[in-house]
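These exercises deal with a bound ligand, enclosed spaces and backbone geometry. Work through each task with the structure open, then compare with the solution.

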Amino acid sequence: MSTEGRKGQPKPRVAVLFGGRSSEHAVSCVTAAGVLGAIDKDKYDVIPIGIAKTGQWVLASGGTDEWSLSASSLPEVAPSAQTVTLAEIGGEHQLIVAAPNTVPQELGAVDVVFPLLHGPFGEDGTIQGLLELSDTRYVGAGVLASAVGMDKHFMKVVFESAGLHVGPYIAVTDRQWRNDPETVRKRVDQLGFPVFVKPARAGSSMGISKVDSLEGLDAAIEIAREHDPKLVIEAGITGREIECAVLEGRGTDAPRTSMPGEISVAGGGHEFYDFNAKYVDDAAALSCPADLPEEAITRVRELAAVAFDALGGEGLSRVDFFYTPDGELIINEINTMPGFTPKSMYPQMWKASGLGYADLIDELIHLALHRKTGLR
Ligand SMILES: Nc1ncnc2c1ncn2[C@@H]1O[C@H](COP(=O)(O)OP(=O)(O)O)[C@@H](O)[C@H]1O
Ligand SMILES: [Mg+2]
């Protein structure tokens with residue numbers, strides 16, 4: 001398929017999807033503000049679609065102010081009387097706006113969807129499945145890679161099988177915790193404290209606690225369980241937080257990797273890179289390129305590409321590591337839809353590697369427009 005869009009349409013139509021049902025709703029809106037502000041509107045016909053916390057799709061404002069992060073409130077997509085749906089009409093996938101007692105209105109066919117969604121029901125393969133069912137092209141990882149990348153347990157299983165170094169951890173299902181919490185406590189004790197208690201499928205550090213002793217464990221488990229009945233509990237790792245951006249190669253080319261970046265959390269009472277450090281207090285310093293020996297930079301980039309391929313990644317991913325004092329690289333996680341505001345680490349790492357924000361958006365849309373639908 002050409003990038004010219006459908007017949008008679010000079011510009012490909014890009015539906016930008018944001019908001020969503022997960023606890024990272026606001027973060028996704030902030031990402032949308034960045035993308036809507038930078039996407040080339042001379043080249044693409046952009047349709048902003050917000051997903052309310054209820055799951056309803058609504059036609060959203062393309063203005064960036066509304067979706068930006070302000071000190072007083074977090075942005076949120078409001079439910080509306082008008083619902084947007086994707087339906088096949090006349091052999092094309094069209095966006096339709098429907099409201100009670102009115103004739104549904106066609107918004108036209110969509111060439112590519114850009115799902116700027118973080119967390120469950122967005123980054124986890126569910127939206128991707130919906131788009132696959134309707135043969136609609138979209139930016140980023142497919143169903144399986146999205147689902148595995150969302151689940152901190154299964155991603156480790158995949159990483160380990162690809163020979164990547166994963167830190168000590170246990171996965172705890174809802175059934176295990178409710179049937180036999182004592183065994184869970186024993187297994188955690190064997191990991192050694194501190195531990196990090198995490199919802200298996202969340203992000204933006206939501207629901208994550210650092211626990212220094214057995215006494216604090218149950219409370220941390222209950223906090224994590226508010227986000228997900230399934231948990232991952234990891235031994236705390238001492239190391240610098242090093243990240244690498246991966247971009248799918250064109251055609252049959254290998255994935256491209258950026259210069260690595262480093263996150264350091266400076267003061268503000270943040271014991272780790274938690275939600276407030278990430279989004280509220282701006283307490284995290286991103287440095288890119290990270291100040292690492294040449295040999296470590298090469299290794300980070302190689303391992304990031306291995307992680308991307310291990311999942312069957314497409315489009316983009318950010319791969320995060322701990323770089324230990326003895327020079328080991330332990331993989332922490334992969335994010336198939338990483339933070340994507342102009343200030344976020346993923347675009348910053350590409351900027352430091354010679355690819356600016358608007359060009360990065362353009363490249364991602366290019367990759368999506370050129371990919372096959374169906375099994376790949
Ligand atoms: N095993 C660990 N050892 C040390 N720090 C950790 C560990 N796991 C998480 N952290 C800290 O918590 C932050 C968030 O954890 P992470 O697994 O990356 O969750 P999220 O998907 O929400 O970003 C990390 O950036 C790091 O600062
Ligand atoms: Mg993380």
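**Exercise 1. Find which polar contacts hold a nitrogen or oxygen atom of ligand 1, and describe the shell around the ligand**.

Solution. Start at the backbone: in this predicted model, an N or O atom of the main chain of Ile237 lies 2.8 Å from a nitrogen atom of ligand 1. Next take the side chains. An N or O atom in the side chain of Glu234 is 2.9 Å from a nitrogen atom of the ligand. For the side chain of Asn332, the partner is an oxygen atom of ligand 1, at 3.0 Å.

Then consider the area. Ligand 1 taken alone exposes 540 Å², and the protein buries 95% of that.

Now list the surroundings. The shell has 18 residues, and the closest are Lys152, Lys198, Ser205, Ile237 and Glu241. Strands S9 (195–199), S11 (231–235) and S17 (329–335) are the elements that each give two or more residues to this shell. Sorted by class, the shell has seven nonpolar, five polar and six charged residues.

**Exercise 2. Between which domains does ligand 1 lie, and why?**

Solution. Check which domains give residues to the shell. Domain 2 (149–166 + 237–369) and domain 3 (169–235) both do, so ligand 1 lies between them.

**Exercise 3. How many cavities of 30 Å³ or more does a search of the whole structure find, and what lines them?**

Solution. The search finds two cavities of 30 Å³ or more.

Take the largest cavity, with a volume of about 80 Å³. Its lining has 13 residues, of which Pro115, Gln128, Val139, Thr336 and Met337 are the closest to its centre. By class, seven residues of this lining are nonpolar, five are polar and one is charged. To place the largest cavity, look at the domains: domain 1 (13–138) and domain 2 (149–166 + 237–369) both give residues to its lining, so it lies between them.

Turn to the second largest cavity, whose volume is about 40 Å³. Its lining is made up of Lys156, Gly167, Pro168, Glu234, Ile237, Phe322, Ile331 and Asn332. Four of these residues are nonpolar, two polar and two charged. Glu234 and Ile237 in this lining also appear in Exercise 1, Glu234 through its side chain and Ile237 through its backbone.

**Exercise 4. Which helix gives the most to the lining of the second largest pocket?**

Solution. First list the lining: Glu132, Gly142, Val143, Leu144, Ala145, Leu311, Gly312, Glu314, Gly374, Leu375 and Arg376. Helix H3 (residues 143–150) gives the most, with three residues. The pocket has a volume of about 250 Å³. Its lining divides into five nonpolar, three polar and three charged residues.

**Exercise 5. Locate the cis peptide bonds at Pro194 and Pro289, and the positive phi of Phe121**.

Solution. Recall the usual case: most residues other than glycine have a negative phi, and most peptide bonds are trans.

Begin with the peptide bonds. The bond from Phe193 to Pro194 is cis, with omega near 0°, and Pro194 sits in the loop between helix H6 (181–191) and S9. The bond from Cys288 to Pro289 is also cis, again with omega near 0°. Pro289 belongs to the loop between strand S15 (284–287) and helix H9 (294–311).

Finish with phi. Phe121 is not a glycine, yet its phi is positive, about 60°. The loop between strand S7 (112–115) and helix H2 (126–133) holds Phe121.

Terms used:
Residues numbered from 1 in each chain as written. Chains lettered and ligands numbered in written order. Predicted model: local features only at pLDDT ≥ 70, side-chain atom pairs only at ≥ 80, totals over all residues. Heavy atoms only, no water. 1 Å grid on protein atoms, 1.4 Å probe; cavity = no way out; pocket = protein on both sides within 12 Å on 5 of 7 lines; lining within 4 Å. Points joined across faces, edges and corners; volume = space filled by probe spheres on them. Helix = DSSP H or I, 4+ residues; strand = E, 2+ residues; numbered from the N terminus. Nonpolar A, V, L, I, M, F, W, Y, C, P; charged D, E, K, R; others polar. Domains from an automatic or database assignment. Near = heavy atom within 4 Å. Polar contact = N/O pair within 3.5 Å; in protein donor to acceptor, adjacent residues only side chain to side chain. Areas by Shrake-Rupley, 256 points an atom, 1.4 Å probe, with all protein chains shown as cover.
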